[in-house]
Amino acid sequence: MLNDQKVCFSGVQPSGNLTIGNYLGALRNFSAYSEAYKCFYCVVDEHAITVRQEPAELRRRTFETLALYIACGLDPDKNTLYVQSHVPAHAELAWILNCFTMFGELSRMTQFKDKSARHADNINAGLFTYPVLMASDILLYQTDVVPVGVDQKQHVELCRDVAERFNQVFPGTFTVPQPMIAENGKKIMSLAEPAKKMSKSDENPNAVVYILDDRDTIIRKFRRAVTDSDTVVRFAEGKDGINNLMTIYACFTGKTMEEIEREFAGKGYGDFKAAVGEVTADALTPVRTRFGELLADKAYLEAQMKKGADEAAYVARRTLSKVQKKLGFVPRA
Ligand code: TYM
C-alpha cells in the first residue's frame with residue numbers, strides 16, 4: 001500500500017489487435033478504479049515475446065496499446081501508464097520469484113498447456129515461467145486488486161500463492177492481491193466458434209471483433225456470427241452463440257438478459273444480430289476516433305510512456321530493494 005491508498009494493477013500484451021473481449025473483460029473496466037485506487041496499467045511487451053513477434057510490429061503495437069489505454073478513458077495524469085521493458089525491476093523480481101515457484105504449479109497452468117499445444121515448435125522456458133513474470137508485475141506495486149478477464153484468474157491465484165509463500169519466509173513483504181473479474185464480459189467468445197474464447201491471435205478475422213474495426217465491419221461480423229437452428233432470442237444452455245451475443249449486448253446496453261429477451265420477443269436472429277452490431281459500433285466509434293488522434297501525436301505518446309515509466313520505476317525499485325535486502329543480497333556501495 002502507498003500512503004494508505006489501495007493499488008490496482010493490470011496489463012495487456014501488445015501481441016495482436018485488441019478485441020472486444022479485451023475491451024469488455026478488461027480495458028473498459030480499468031477507469032472505474034482510477035479515482036479510489038492508485039492505478040498502474042502496463043503494456044506487457046516482455047510477456048509478448050514468449051511467442052515470436054515481428055520486431056517492427058511489436059514496436060507499433062506497443063504504441064497502439066498505450067494509445068488505446070488513453071482512448072478507453074484512462075487519463076495519464078490519474079493513472080500510471082507505461083511499458084514493462086522500461087522498468088527493469090519486473091524482470092529482476094521475476095528471477096527471484098522463480099526461485100519461490102514450483103515446477104508442478106507452473107505445469108498445471110491451463111494457458112501454458114494451450115499455448116504449448118498451439119506453438120509446439122517453440123515451447124520455450126519463457127512460455128513456462130510467464131506466470132512468474134506476471135506475479136512480479138503485480139507484486140512489485142504492492143497491488144490490492146487486479147482487474148482481468150476470467151482467463152487470467154488462474155495466473156492471479158498463482159501470484160497469490162507465491163506471495164503467501166514468500167511472506168511465510170519473509171513476513172510482511174508483499175500485499176496479497178485479489179483478482180477482480182467483471183460478472184458481465186469476463187469471457188467473450190469467438191463469433192465463429194462460440195465454445196472458444198475470442199482471442200486476438202485467432203487466424204479467422206470473422207471470429208473476432210477488434211476494438212478498432214470500423215462500423216461496417218463490426219456490423220458485418222455480427223451478421224455472420226454463428227448461432228443455432230432455434231429462432232428465439234433466449235439465454236439458455238446449448239445456445240453458446242446467442243448467449244455470447246446477448247452477453248455482448250448486455251455489456252454495451254446495461255440491460256439484463258430478461259430485458260433483452262423481452263425486447264426481441266417475436267423478432268428473429270437477424271434483427272438481434274443487427275442490434276448487437278449497432279450498439280457495439282456506437283460504443284467503439286468514440287474510442288476509434290480518439291485512438292486516431294493519439295496515434296498521430298507520437299511525441300505525446302512517448303512523453304506519456306516516459307512519465308509512466310519514471311513513476312512506476314520509483315515504486316517498483318522500492319519493493320525490489322526491500323526483497324533483495326530480506327534475501328541477504330549485499331547492497332551495492
Ligand atoms: P491479454 O493481453 O491476453 O488480455 C488482456 C486482458 O483482456 C482479457 N481478455 C478477455 N476478457 C474477456 N473475454 C475475452 N475473450 C478476453 N480475452 C482477453 C484478459 O483476461 C486480460 O485481462 N497475462 C495477461 C497480461 C498480464 C497481466 C499482468 C494482467 C501480464 N501481467 C498482470 C494482469 C496483471 C494477458 O496475457 O492478457
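Biologist: How many of the residues of β3 are buried?

Modeller: In this predicted model, both faces of β3 are covered. Asn79, Leu81 and Val83 lie on one side, with Thr80 and Tyr82 on the other, and all are buried. In a regular strand the side chains alternate between the two faces of the sheet. The count of buried residues in β3 is thus five of five.

Biologist: With which strand does β3 pair in the parallel sense, and which residue of β3 is the bridge partner of Tyr41?

Modeller: The pairing runs over five bridges in the parallel sense, and the strand that joins β3 is β2, residues 37-43. For Tyr41, the bridge partner in β3 is Leu81.

Biologist: Is Gln84 buried or exposed, and in which loop does Gln84 lie?

Modeller: Gln84 lies in the loop between β3 (79-83) and α4 (89-98). Beyond its sequence neighbours up to four places away, Gln84 touches Cys42, Val43, Val44, Asp45, Glu46, His47, His90, Leu133 and Asp137. Buried requires a relative accessible area under 20%. Because the value for Gln84 is 0%, this residue is buried.

Biologist: With the side chain of which residue does the side chain of Gln84 make a polar contact?

Modeller: A polar atom of the Gln84 side chain lies 3.5 Å from the backbone nitrogen of Asp45, but that partner atom belongs to the backbone. The side-chain to side-chain polar contact of Gln84, at 3.2 Å, is with His47.

Biologist: Which residue caps the N-terminal end of α1?

Modeller: The helix α1 is mostly covered, with nine of its 11 residues buried; among them are Ile20, Gly21, Tyr23 and Leu24. A side-chain oxygen of the capping residue lies 2.9 Å from the backbone nitrogen of Gly21. That residue lies in the loop between β1 and α1, and its name is Thr19.

Biologist: What is the relative accessibility of Thr19?

Modeller: Leaving aside neighbours within four places in sequence, Thr19 is in contact with Met198, Ser199, Lys200, Val208, Val209, Tyr210 and Ile211. Thr19 counts as buried because its relative accessibility is 1%.

Biologist: How many residues surround the ligand?

Modeller: By class, the shell has 11 nonpolar, 10 polar and six charged residues. The closest are Gln13, Tyr130, Asp137, Asp151 and Ile188. The number of residues around the ligand is 27.

Biologist: What percentage of the area exposed by the ligand alone does the protein bury?

Modeller: An oxygen atom of the ligand lies 2.9 Å from a polar backbone atom of Gly149. Nitrogen atoms of the ligand take part as well: one is 3.1 Å from a polar side-chain atom of Gln152, and a nitrogen is 2.9 Å from a polar backbone atom of Met198. Taken alone the ligand exposes 710 Å², of which the protein buries 97%.

Biologist: Which elements give two or more residues to the shell around the ligand?

Modeller: One of these elements is a strand and the others are helices. The strand is β1 (6-12). The helices are α1 (20-30) and α7 (125-140).

Biologist: Which residue in the loop between α7 and β4 has a positive phi although it is not a glycine?

Modeller: The loop in question precedes β4 (145-147). The residue is buried, with a relative accessible area of 10%, and its phi is about 50 degrees. The residue is Gln142.

Conventions:
Residues numbered from 1 in each chain as written. Predicted model: local features only at pLDDT ≥ 70, side-chain atom pairs only at ≥ 80, totals over all residues. Heavy atoms only, no water. Helix = DSSP H or I, 4+ residues; strand = E, 2+ residues; numbered from the N terminus. Buried < 20%, exposed > 50% of the residue type's maximum accessible area, 1.4 Å probe, protein only. Polar contact = N/O pair within 3.5 Å; in protein donor to acceptor, adjacent residues only side chain to side chain. Contact = heavy atoms within 4.5 Å. Near = heavy atom within 4 Å. Areas by Shrake-Rupley, 256 points an atom, 1.4 Å probe, with all protein chains shown as cover. Nonpolar A, V, L, I, M, F, W, Y, C, P; charged D, E, K, R; others polar. Pairing = 2+ DSSP bridges.
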